[in-house]
Amino acid sequence: MQTYVYSLRGGAKVTHVGNLHGTACGFVFFSSFRVTENAPPNRPICTRCVGKAHTAAIRTARREGRIVDSPERIAERRARIAATRAARDAARQAQLDALIVAALKEGLTNTAIARRARMSMRTTVRRIATAQRRAGARSRFEWGHTVGLAEGRAGA
Ligand SMILES: [Zn+2]
């Protein structure tokens with residue numbers, strides 16, 4: 001059953017969708033509030049609550065099979081999720097690579113790099129190797145040389 005929550009404070013303007021435990025939008029009441037089954041007619045319902053409740057209702061309907069997406073829609077959704085994930089991963093990788101390059105330039109040991117990047121030793125060693133390979137270097141020294149040359153060119 002859908003219930004509504006509203007503040008008893010004088011200046012309060014909206015009714016939230018929710019119950020004793022919280023509102024759909026995550027609003028926290030610092031003053032006393034009331035839970036009702038019928039939204040008070042003189043207060044509009046919080047738009048963020050409406051949005052969240054709507055999203056939740058769609059999710060439930062989809063899970064219960066009351067909304068069935070076309071294969072095209074499903075493929076679209078999957079592609080969008082995959083693209084978002086790929087972009088986020090790429091950004092994280094780039095950030096880690098930059099951190100590793102900076103650390104290597106400072107002459108940090110693998111142990112120190114692992115600590116700074118908050119990664120396990122195994123992950124650190126693997127990432128350094130991957131970054132080296134990506135730069136076409138066979139050793140740490142060769143990689144440093146390559147990076148140095150590239151920066152020299154960029155600075156010139
Ligand atoms: Zn709300």
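This is a short tour of the model, stop by stop, with what to select at each one.

Before you click, note that the model is predicted: local features need pLDDT of at least 70, side-chain atom pairs count only at pLDDT 80 or more, and totals for chains, interfaces and linings use all residues. Residue numbers start from 1 along each chain as its sequence is written.

**The whole chain**

Start with the protein chain as a cartoon. You should find five helices and four strands, in the order β-β-β-β-α-α-α-α-α along the sequence. Here helices (H or I, at least four residues) and strands (E, at least two) are DSSP runs, numbered from the N terminus.

Zoom out. Along the principal axes, the C-alpha atoms fill a box of roughly 75 × 45 × 35 Å. The radius of gyration is 27 Å, while a compact globule of 156 residues would have one near 15 Å. That radius is taken over C-alpha atoms, and the globule rule is 2.2 Å times the number of residues to the power 0.38.

Now colour by burial. Buried residues make up 12% of the 156. Buried means 20 or more other C-beta atoms within 10 Å of a residue's own, exposed means 12 or fewer, and partly exposed is in between, with C-beta atoms placed from the backbone.

**Loop after β4, then α1**

Select N38, in the loop between β4 (33–36) and α1 (47–63). N38 is exposed because 9 other C-beta atoms lie within 10 Å. Add V5: N38 and V5 are 33 residues apart in sequence, yet 9.6 Å apart in space, C-alpha to C-alpha.

Next, pick R59 in helix α1. R59 has 11 other C-beta atoms within 10 Å, so it is exposed too. Draw a distance from R59 to R127: the C-alpha atoms are 38 Å apart, with the two positions 68 residues apart in sequence.

**Along α2**

Select residues 71–105. These 35 residues form helix α2, which should span 51 Å at 1.5 Å a residue, and its end C-alpha atoms are 50 Å apart, in agreement. The expected span is 1.5 Å times one less than the number of residues. Two of the 35 residues in α2 are buried, so the helix lies largely in the open. After α2 comes G107, with a positive phi near 80°.

**Where α2 meets α4**

Show L96, D97 and I100 of α2 together with R127, I128 and A131 of α4, which meet here; contact means C-beta atoms, placed from the backbone, within 7 Å. This contact has four nonpolar residues, no polar and two charged. Ala, Val, Leu, Ile, Met, Phe, Trp, Tyr, Cys and Pro count as nonpolar, Asp, Glu, Lys and Arg as charged, and the others, Gly among them, as polar.

The axes of α2 and α4 come within 10 Å and cross at roughly 90°. Axes are lines fitted to C-alpha atoms, for helices over the stretch in contact, and angles run from 0 to 180 degrees between N-to-C directions.

**The α3–α4 corner**

Finish with α3 (110–117) and α4 (121–134), and pick R118 in the loop between them. R118 has a positive phi, near 50°, in a residue other than glycine. R118 counts as exposed because it has 8 C-beta neighbours inside 10 Å.

Now look at the two helices themselves: α3 and α4 pack at about 105°, with axes 9 Å apart. On the α3 side the contact uses N110, I113, A114 and A117, and on the α4 side M121, T124, V125 and I128. Those residues divide into six nonpolar, two polar and no charged.

Definitions and conventions:
Two residues are in contact if their C-beta atoms, placed from the backbone, lie within 7 Å.
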